Each structure stands twice: as C-alpha cells, then as structure tokens.
Amino acid sequence: MLLDVLNYAGIVVFAASGATVGVRKDFDLWGIVTVGVLTGVGGGILRDVLLGLTPPASVQNWTPVLVALLASLLAFFFHPAFSQLRRTILVLDAFGMGLFATTGAVIALDVHASPFAATLVGLLTAIGGGILRDVLANDVPLLLQPADLYAVPAALGATVVAVGSTNTDVPHWVWLIVGSVLATGLRLAGLAFKWRLPTAPRRRS
Amino acid sequence: MLLDVLNYAGIVVFAASGATVGVRKDFDLWGIVTVGVLTGVGGGILRDVLLGLTPPASVQNWTPVLVALLASLLAFFFHPAFSQLRRTILVLDAFGMGLFATTGAVIALDVHASPFAATLVGLLTAIGGGILRDVLANDVPLLLQPADLYAVPAALGATVVAVGSTNTDVPHWVWLIVGSVLATGLRLAGLAFKWRLPTAPRRRS
Amino acid sequence: MLLDVLNYAGIVVFAASGATVGVRKDFDLWGIVTVGVLTGVGGGILRDVLLGLTPPASVQNWTPVLVALLASLLAFFFHPAFSQLRRTILVLDAFGMGLFATTGAVIALDVHASPFAATLVGLLTAIGGGILRDVLANDVPLLLQPADLYAVPAALGATVVAVGSTNTDVPHWVWLIVGSVLATGLRLAGLAFKWRLPTAPRRRS
C-alpha cells in the first residue's frame, strides 16, 4: 500500500521533471507529454525487465501511464517561470530518485532477489528514468554532471532498504521512508551546499 | 501472414530511414549499415523484451536482420540527393511508425496482453526504433521535435487495432490495415499541412 | 572458467574505457565511476535481458559491479595524460569489444540459442556497453564514426565462435581465444593503418 503510494509519487515527480525538461527545450505539447510519460514510467519498466516481470507493470496496467500523463499536463500548464526551470527539474528529480531507489529495492526483494541485487535494481530504477529523459533531450545526464552527488544518495537509499529489510524485524515501510528521506535529503543537501567531488587530476602532456 | 508482411515492411522502411540518417551524418558504410539495422530491428526487440519473448524474434531468426541489412545497403547506394535526405527520412519514418504501431499491438494481443497493454506495446514498438536511431546519431528524437504530430498517430493506430480486434468480429487483418493507414496518414498529413501544437506558455521572470 | 576470466577481462577494459571517457568529459569522481560501471556491465546486462536470463548476472552477483568499480577507480587515478586519453579509450574499447563478442556468443550457445542468434547476441553484447558509454557522454558512438572498422570485427569474432563451436569438435576455449584475438586485432589494425570505408556517394542537387 505505502509501496504503491510512493511508487506513484515517484512516477508523478519524474514525469513532471521530464515534462519540465521538454518545456525548457521548447518541445511542443506532445513532445513534452511524451518525454514526461517516458521519464515517469521508464525507470519502472527497466526495473521490471531486469527482474523478468513481463509485461512490466507500467505496460500492463493503465494507471501508471495515466498518472504520468496527468503530471506531465500539470507541468505543461503550471510550470514555473523560465528562469526557475532548471532548479525545478533538479528538485523534482531528487524526489523521484529517492522514491524509485527504495521502491525498486523492495519490489526486487519481493521477487526474492538477493540484497545485493535489490540494491542494484533500486539504483538502476532510480537513475533509469532520468537517464532516459536527458538522453531524449540530448543532454548529458544529470547523473554524470560534475559537482553533484547523485549515484551515491541513490545507492545509499537502496542499500538501507535492502539491508534493513532483510536483516531486521523492523517493517518494510519504515525502511522505505527512511531510505527515501535519506536519498532525497542527501541529494538536495549536496545541491544546496554545493558539495563538490574531485574531477580527475589533469596531466596535460 | 499479412502480419509478417507488414512487420517486414516496417523493418525495411525503418532500416532505410536509419541508413539515410547515417548518410546525412556522413557515417561510413559500416556505420550506415549498423544504424540502419539497429533502427530496423530495434523496435521489434524492445517489443519482444517487454512481452518476455526471449530471445527476441529479430535475434532468433536471421531474416529480420538480413532484410534490414539489404534495405540499408539499398539506401546507401540509392539515397536521394543531399537536399532531400531529411524529407526522405521523415516519410520513411512515418510508414515505419504506422506499421510497427499496429503489428506491435497485434503481437501483444497474441500473447494475451490486455488491450491497454497492446496499445502501449504498439506505441513503444513504433517509437523505439526511431528513438534509437536519433539517439545513436546524437539528435533530439523526431518524436520530440516541436510542431510535429508523432506519438498521437502512433497511439491512435495502436488503439484502433487493440480495441477493434478485442471488441469486434471484424478480422485482425482489417484492423491492421485500417490502423496503419490511419497512423501513417495522420502523421504525413500533419507534416504536409504543418499542423502545429502549442509549446508551453512562456513565463519569463 | 576461461569464459569467466575473459568476461571479467571484458568488464575491466570496458569499465576503464568508460571511466576514461568520463575523465575526458570532466565528470567528477562519481560521474566517472558511474559511467565506468555502466559501460563495464551494460553489454552483459543487455545480453542477459535478450536471452531471458533475469535478473542479469551483473545484477544478481556483486563481483561484476565490484570489478567494474575498481577498474573505474584505477582509471580515475592512473589515467594517461590528457593528450592521450582518446587513444587509450580506443585501445581499451577494442579489447572489450573482442572479449564481449566471443563470451556473449558462448553464453548464448549455453542457453541453446541458434548459431545465428549466438552471433547476433555476441555482436550486441560487444557494442552495447560502448553505445551506452557514448550516449551517456552525449557523443556519437565510436561504432558509427566514419573511417573505423567496428561492427565488422565484432561480428566476425562472434561468428567464428558460434560457427566453430557448433560445427567442430575443437573445444570452446580455442574458439574463444581465436575469436577474441581476431576481433580485437582486426579493430586495432584498422585503427593503426587507417583502413577506410566509403561514405555514401553524395548527390548534391
């Protein structure tokens, strides 16, 4: 139940982030909705294909696509002023990443994946939609851009859920919330405080 | 039978569109053939992976790859003059989109997917090959470019087939033809008459 | 056994090639490691999804990701001087391509794919990781760039393994080595001697 709510919340924010990228790139209405819907359901489709759950839940049922469609339309009509588009995308993306990292891990555990596999599936669910969005928009994925913590918070959130759920008696839903808050919070903190990581030492010859 | 013919026709035109993009981007012979073949069979591979049909038909049998290869070679040798490459790509792509939307939906129904899932699989089959082509060529996918109807005709063609086949006694092949003609026709009409959709209202701050 | 060694060798060199692309693009540490790991395990994940082996080996076990992580870190700290980054990427990529073409074909044969399917799966395994790397870095894939032999050596290596293993009594491991040496050698020779293939004849109108 909570799993469903968080999964749909992830679809909503990722779809909105995708639609906002479409607005920023001057796509038309259908382009915006298309990139929004694909971003919203892309991570979940990747997750289900990796776990052998075919057809993926987002293909089999109509609710995920409908939810992503509505979120994209909302973003189309009520997106922020142009100057704030990039910040809006980053924040929505941070929430989607945190939600998909933990729900992806729980869904993997539900089909008896190992804790390691659950962590990795959570991580790939979290980054899959965003990568698809940025590749479609012909950008370098946020995930790879310098000076941002991205994969680390996602991996941490998924690890907390996978390890916590398999090694403790604390119910799944507690780990879902702790992991999501941790992943999204760490990402947002990294953005807010401009935590920077080293780029490779240059050796110009 | 008709399903096979239309599926191969889709492979041919998508492969030719991919090879023509390669010509336009000045790839060499092998690059052109590679992007042609991947475009031709990419949508079908995505379809089969989503439906859990592994290995995908285009991997298991040699005919789809051979057909895509020949179509790419034909495009390499007989592509139009440079100034008409873009128009040629758009027209070939419109035919491939219409054919894959409907054949994808029928193949999904054949493995007992729901009408909604069949529609979505048809849509993803139709757009998958073209997205792969444009991402490989480092372009923003045609699908997302402003002022073109793309996803809507594909969704419409797939919907006609999925709804028609499950709710009427009219044979599948009629819906296959109606859906393909509708999807391709609507796309071509949109291109010809420059039907335009709104981009997002700008609120510069 | 040899299969495992060659598969891990492929992961190492592809991961290092991905990390080196990240260095060249000025990604930060995590971006570099992320693109390195995804490049290292991407081809194998595609292979397993195409063969219906879910969850993929690189998701189910922790060794492939760990190996790719270490290789990426090594590339981060010990990458060559800036002016030689591109050459390093090309050489690493050539080895990864040769190793994945042959191991991919053998793994496909192990699950009773036809020789044709094994060839194609080997080819897709070989090019999948590199395509993912270049798409993430927002480059046109090496595979498609003019004047390089790429898909042909990969297809040749996979064909040698698939045809040899199914039609002769010579043990698999011989074909693995012959195919890898052939594919990587042909690619490196093509780069070294600047073998060129025709681009499409231009007909400017």
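**View 1. Ser165(A) and its polar partner in the predicted model.** In this predicted model, a polar atom of the Ser165(A) side chain sits 2.8 Å from the backbone oxygen of Val161(A). Ser165(A) belongs to helix α7 of chain A. Is Ser165(A) buried or exposed? With a relative accessibility of 11%, Ser165(A) falls under the 20% cut-off, so Ser165(A) counts as buried. Leaving aside residues up to four places away in sequence, the contacts of Ser165(A) are Leu109(A), Val160(A), His172(A) and Trp175(A).

**View 2. The largest pocket, with residues from chains A and C nearest its centre.** Here you can look into about 560 Å³ of space. The lining of this largest pocket counts 24 residues, and those nearest the centre are Leu120(A), Leu123(A), Ala155(A), Val65(C) and Leu69(C). Four helices each bring at least two lining residues: α6 (115-136) and α7 (151-167) from chain A, and α2 (29-50) and α4 (63-78) from chain C. Of the elements, α2(C) contributes the most to the largest pocket, namely seven residues. If you are thinking about chemistry, the lining of the largest pocket holds 20 nonpolar and four polar residues, with no charged ones.

**View 3. The largest cavity, lined by helices of chains A, B and C.** The model has four cavities of 30 Å³ or more, and the largest cavity encloses about 1,600 Å³. Among its 41 lining residues, Leu46(A), Leu132(A), Leu46(B), Leu46(C) and Leu132(C) come closest to the centre. Two or more lining residues come from each of α2 and α6 in chain A, in chain B and in chain C. Which element gives the most to the largest cavity? That is α2(C), with eight residues. By class, the lining of the largest cavity divides into 34 nonpolar and seven polar residues, and no charged residue takes part.

**View 4. The second largest cavity, with charged residues in its lining.** This cavity holds about 60 Å³ of space. Its lining includes Asp134(A), Asp139(A), Asp134(B), Asp139(B) and Asp139(C), along with Val135 and Asn138 of chains A, B and C. By class, five of the lining residues are charged, three are polar and three are nonpolar. Helix α6 of chain A and helix α6 of chain B each provide at least two of these residues.

**View 5. Chains B and C superposed.** Chain C falls on chain B after a rotation of 120 degrees, with 0.0 Å of shift along the axis and an RMSD of 0.0 Å. This is therefore the relation of a three-fold axis. The two copies use different surfaces, as 9% of the contact residues of chain C recur in chain B.

Key
Residues numbered from 1 in each chain as written. Chains lettered and ligands numbered in written order. Predicted model: local features only at pLDDT ≥ 70, side-chain atom pairs only at ≥ 80, totals over all residues. Heavy atoms only, no water. 1 Å grid on protein atoms, 1.4 Å probe; cavity = no way out; pocket = protein on both sides within 12 Å on 5 of 7 lines; lining within 4 Å. Points joined across faces, edges and corners; volume = space filled by probe spheres on them. Nonpolar A, V, L, I, M, F, W, Y, C, P; charged D, E, K, R; others polar. Buried < 20%, exposed > 50% of the residue type's maximum accessible area, 1.4 Å probe, protein only. Polar contact = N/O pair within 3.5 Å; in protein donor to acceptor, adjacent residues only side chain to side chain. Contact = heavy atoms within 4.5 Å. Least-squares fit on C-alpha atoms with pLDDT ≥ 70 in both.
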